[in-house]
Amino acid sequence: MGDFILLMISAILVNNILLIRFLGNCPFLGVSRSMDTATGMGVAVIFVLTLAGMITWLVHHFILVPLGLQYLRTIAFILVIATLVQFVEMVIQKTAPPLYEALGIYLPLITTNCAVLGVAIINIEEGYDLITSIFFSFASACGFALALVLMAGMRERFALVEIPKSFEGTAIGLITAGLIALAFSGFIGLV
Amino acid sequence: MSIKDEFTKGLWRTIPPFRLVLGLCPTLAVTTTGINGAGMGLATTFVLVCSNLFVSLLRKLIPTQVRIASFIVIIASFVVIVELVMKAYFYQLSQFLGIFIPLIVVNCIILGRAEAFASRNNPVMSLADGLGIGLGFTISLFVLGSIRELLGNGTLLYYDTSHPGFYVMWSSFEPFTFMLKPPGAFVALGILLGLMNLITQLQARKGG
């Protein structure tokens, strides 16, 4: 159990998937303009990433490895993820319409979120077993949601301050992200 | 628009990742040196040019409902080619770029160009568009990488210990290692983007 807690702290704080590993930065800057969209995206990513981590692990170990097709990993994983996102979207639409309304447009966007494919590949390259993979995927997604919500909290305040005209929008967003990353690098050495 | 326009628009007017704010993950992650940035940029350019060409050639055959899935399969095939070629001939670079080579698949620039341009234009135009955007991306990554390398390490064109590039800073220069760390990547890209906006504004003021 201790190992799992360490893995969790490491994935959320020390090696934060957004700020330190640099995976999933497009939605990070795209949807962090308001708290509502940031929370929606965070929840959607936690849900899909955990499922995708599990399914890609199963695909790799029970289909690709026995057939000796490891070099097709990239194609196989992206297809699995795209199908999974579509499937999750349909299931949620049928079973939980309020949740579907809330997640709305963020679900299809997750297909091209490199955090999902990235974590799936890290799971395989680090040689995690199934339980560790699921746990690592979940923890990474929580790290993603945490950074996204922090960022949205800060960006909502930009409306109230004066920013040099040429730095408005993405430029100041990137510099803010740098400062958050600097704060997160204070966690280095924690694990 | 002529072929030349399609090509040159990627080099300044819509240069990624500054004007098209897409493909940020590789931009931030691999630009610790200029060479690494350029390597990533060229790998992306290859995939972008090939995928643009094939999407454009097949645009009449692909049904609209499944176009995104088809584009992803086309892109992923070329990414696998790049992955294997880099492992075979540029082993050290491929070790450094690591996970970001397979992640070219989900680089939004490529899917974005396939959807917005190649699926609507003829192969020659798509080729010019892919080449322009790809080279623009390579130049951006090389410039960003060189700035971070210069300030963080004091060198230019560093490849590995046997090809250390050129030491260009004065001898008592203290390396600014912040630039090589993840937070430095965000700040450097943010400042560069701000400066680019400033230049555009000044140009607009002069012209208008």
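Me: How many residues of chain B are in contact with chain A, and how many residues of chain A are on the other side?

Reply: In this predicted model, 37 residues of chain B contact 36 residues of chain A. These residues are said to be in contact because they have heavy atoms within 4.5 Å of the other chain.

Me: What area is buried between chain B and chain A, and what share of it do carbon and sulfur atoms give?

Reply: The two chains bury about 3,000 Å² between them, and 84% of this area comes from carbon and sulfur atoms. The figure covers both chains, because buried area is summed over the two parts. On the side of chain B, the residues that lose the most area to chain A are B:Cys25, B:Val106 and B:Phe186, which together make up 21% of what that side buries.

Me: Which elements make up the side of chain B that touches chain A, and what is its composition by class?

Reply: Helices α2 (24-30), α4, α6 and α8 (182-207) of chain B each supply at least two residues. The greatest contribution is that of α8(B), with 14 residues. By class, this side of chain B holds 30 nonpolar, six polar and one charged residues.

Me: How many salt bridges and how many residue pairs in polar contact are found between chain B and chain A?

Reply: The number of salt bridges between the two chains is zero. Two residue pairs are in polar contact across the interface, both at pLDDT 80 or more. These pairs qualify because each has N or O atoms within 3.5 Å, one able to donate a hydrogen and the other to accept it.

Me: Why is the pair of A:Glu125 and A:Arg73 called a salt bridge?

Reply: The closest N and O atoms of A:Glu125 and A:Arg73 are 3.2 Å apart. The cut-off is 4 Å, so the pair is a salt bridge. A:Glu125 belongs to helix α7 (residues 114-125) of chain A and A:Arg73 to helix α4 of chain A, so that the pair links distant parts of the chain, 52 residues apart. Over all chains, the structure has five salt bridges.

Me: What makes the largest pocket a pocket, and what volume does it have?

Reply: The largest pocket holds about 660 Å³ of space. This space is called a pocket because it is open, whereas a 1.4 Å probe placed in a cavity cannot get out. Its lining has 27 residues, of which A:Pro108, A:Leu109, A:Thr111, A:Thr112 and B:Ile68 are the closest to the centre.

Me: Which elements line the largest pocket, and which classes of residue are present?

Reply: Two or more residues come from each of α2 (25-30), α4 (73-95) and α6 (106-109) of chain A, and from each of α4 (67-89) and α6 (108-118) of chain B. Helix α4(A) gives the most, with eight residues. The lining comprises 17 nonpolar, eight polar and two charged residues.

Me: How many cavities of 30 Å³ or more are found, and what lines the largest cavity?

Reply: The whole structure has two such cavities. The largest has a volume of about 100 Å³. Among its 15 lining residues, those closest to its centre are A:Cys114, B:Cys25, B:Pro26, B:Val106 and B:Asn107. Helix α2 of chain A and helix α2 of chain B each supply at least two lining residues. By class, the lining has 10 nonpolar, five polar and no charged residues.

Me: Which residues line the second largest cavity, and what makes them lining residues?

Reply: The second largest cavity, of about 30 Å³, is lined by A:Ser10, A:Ala11, A:Asn15, A:Ile17, A:Arg21, A:Phe136 and A:Ser140. They are counted because each has an atom within 4 Å of a point of the cavity. Helices α1 (2-14) and α8 (130-156) of chain A each give two or more of these residues. The classes are three nonpolar, three polar and one charged.

Conventions. Residues are numbered from 1 along each chain as its sequence is written. Chains are lettered from A and ligands numbered from 1 in the order in which they are written. This is a predicted model: local features need pLDDT of at least 70, side-chain atom pairs count only at pLDDT 80 or more; totals for chains, interfaces and linings use all residues. Side-chain values use heavy atoms; hydrogens and water are left out. On a 1 Å grid over the protein atoms alone, a cavity is a set of points where a 1.4 Å probe fits but cannot get out, and a pocket is an open set with protein on both sides within 12 Å along at least five of seven lines; lining residues have an atom within 4 Å of a point. Grid points are joined across faces, edges and corners, and a volume is the space filled by probe spheres set on the points. Helices (H or I, at least four residues) and strands (E, at least two) are DSSP runs, numbered from the N terminus. Ala, Val, Leu, Ile, Met, Phe, Trp, Tyr, Cys and Pro count as nonpolar, Asp, Glu, Lys and Arg as charged, and the others, Gly among them, as polar. Buried area is the accessible area (1.4 Å probe) that two parts lose on being put together, summed over both. A salt bridge is a side-chain nitrogen of Lys or Arg within 4 Å of a carboxyl oxygen of Asp or Glu. A polar contact is a pair of N or O atoms within 3.5 Å; within protein, one must be able to donate a hydrogen and the other to accept it, and residues adjacent in sequence count only if both atoms are side-chain atoms.
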